[in-house]
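Visitor: I would like a close look at one part of this protein. Could you pick a single strand and walk me through its surroundings?

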Amino acid sequence: MYWIMRWCSLVLLSTLIIPWATEGKVVNSFHECSQFFCNGEEPFLFKIIKPKRICQYYRSQFHFATAYSTDMRIPLYSAYRAERISSERDKRPTFFFVEPQLDQPDGSDEMSMEQGVENNQALNGDYKNTSYERGHLFPYSFNFGSGKASCTLTNVVPMTRQWNSKWYHFAEKTIKNVMCPPLTTLFVITGAIPSDKFLSERVNIPRGVYSYFSCCSNDSDRRNKPKKISLKSGGYILQETAMTPITLNEL
């Protein structure tokens with residue numbers, strides 16, 4: 001538990017102080033999709049770790065941002081704004097997309113079929129005939145207009161059915177019901193806490209997942225530069241045995 005708390009505190013404290021084709025763009029910085037972070041900046045810890053950064057793009061707009069580990073073949077976190085909930089009623093696709101640029105730097109921005117990619121990312125086949133599901137970090141139902149934008153293997157981690165269900169019913173539903181003060185926006189970071197276990201000897205099976213939310217308002221400092229102030233925050237950590245609420249002070 002101590003290790004998990006240390007991991008989450010490093011990530012979250014640094015953040016809060018501050019046909020149908022899906023497209024994703026591997027970038028050097030999150031400048032193009034900084035709107036998904038409170039204060040427009042990624043967590044400080046990940047500036048040191050230097051993961052692959054993906055601005056997740058679908059139907060001519062960015063939907064969320066992802067920091068991805070090519071060593072563990074899982075997203076370390078996805079960051080998003082939970083302003084509106086999807087009304088889309090389409091079924092989730094059976095086949096999830098991959099990000100070509102993770103294996104082919106000169107490849108297309110557009111997520112595609114699994115052709116010529118396997119070294120640096122998970123594949124649909126890694127989950128086949130296993131007891132694990134593709135557990136979303138950026139939730140399918142949080143994306144206004146199209147939940148399909150969340151259906152990429154760069155946004156999912158291995159979860160058992162029980163674990164995935166528990167995460168949805170407790171953490172995701174709770175965050176959906178957060179009432180932010182007027183003139184504020186709900187920012188969320190959902191991340192995975194890696195373990196020493198791997199699915200199909202390739203994809204890391206997290207020992208826990210967490211979400212931390214912050215209701216941020218626009219304010220100005222003395223130089224009249226935009227600055228977002230967190231007026232309300234909270235979060236949850238899910239381990240194999242229990243879901244635990246957590247506050248910034250506790251971290």
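Guide: Gladly; what follows is a tour of one strand, its partner, the core around it and the loops close by in the chain order. Please keep in mind that this is a predicted model.

Let us settle on strand β6, which covers residues 156–160. Four of its five residues are buried, so the rest of the structure largely encloses this strand. Its pairing partner is strand β5, made of residues 132–136. The two run in the antiparallel sense and are linked by five bridges. If you want a place to start in the viewer, find Arg134, which sits opposite Pro158 of β6.

Now turn to Val157. This residue belongs to the largest nonpolar core, a set of 29 residues, and is listed with Trp167 and Val209 as having the most contacts inside that core. At least two core residues come from each of β4 (74–81), β6, α3 (161–176) and β11 (226–238). As a general background, nonpolar side chains in soluble globular proteins tend to be buried together.

The contacts of Val157 can be listed if we leave out residues up to four places away in sequence. They include Glu133, Arg134 and Gly135, as well as Leu137. Val157 also touches Ile74, Pro75 and Tyr127, and the list is completed by Ala192, Pro206 and Val209. Val209 thus appears twice in our tour: it touches Val157, and it is named with Val157 among the residues with the most contacts in the core. Another core, of 16 residues, lies apart from this one, and Phe36, Phe37, Ile189 and Ile246 are among its members.

Next, the loop between β5 and β6, where you will find Thr152. Its relative accessibility is 0%, and because the cut-off for buried is under 20%, Thr152 counts as buried. The side chain of Thr152 makes a polar contact of 2.6 Å with the side chain of Thr154.

For contrast in exposure, look at the loop between β4 and β5, which holds Asn129. With a relative accessible area of 78%, Asn129 is exposed. You may also want to check its backbone: phi of Asn129 is near 55 degrees, a positive value in a residue that is not glycine.

To recap the strand itself: β6 pairs with β5 in the antiparallel sense, has four of its five residues buried, and supplies at least two residues to the largest nonpolar core.

How values were computed: Residues numbered from 1 in each chain as written. Predicted model: local features only at pLDDT ≥ 70, side-chain atom pairs only at ≥ 80, totals over all residues. Heavy atoms only, no water. Buried < 20%, exposed > 50% of the residue type's maximum accessible area, 1.4 Å probe, protein only. Pairing = 2+ DSSP bridges. Core = buried A, V, L, I, M, F, W, Y, C linked by side-chain atoms within 4.5 Å. Contact = heavy atoms within 4.5 Å. Polar contact = N/O pair within 3.5 Å; in protein donor to acceptor, adjacent residues only side chain to side chain.
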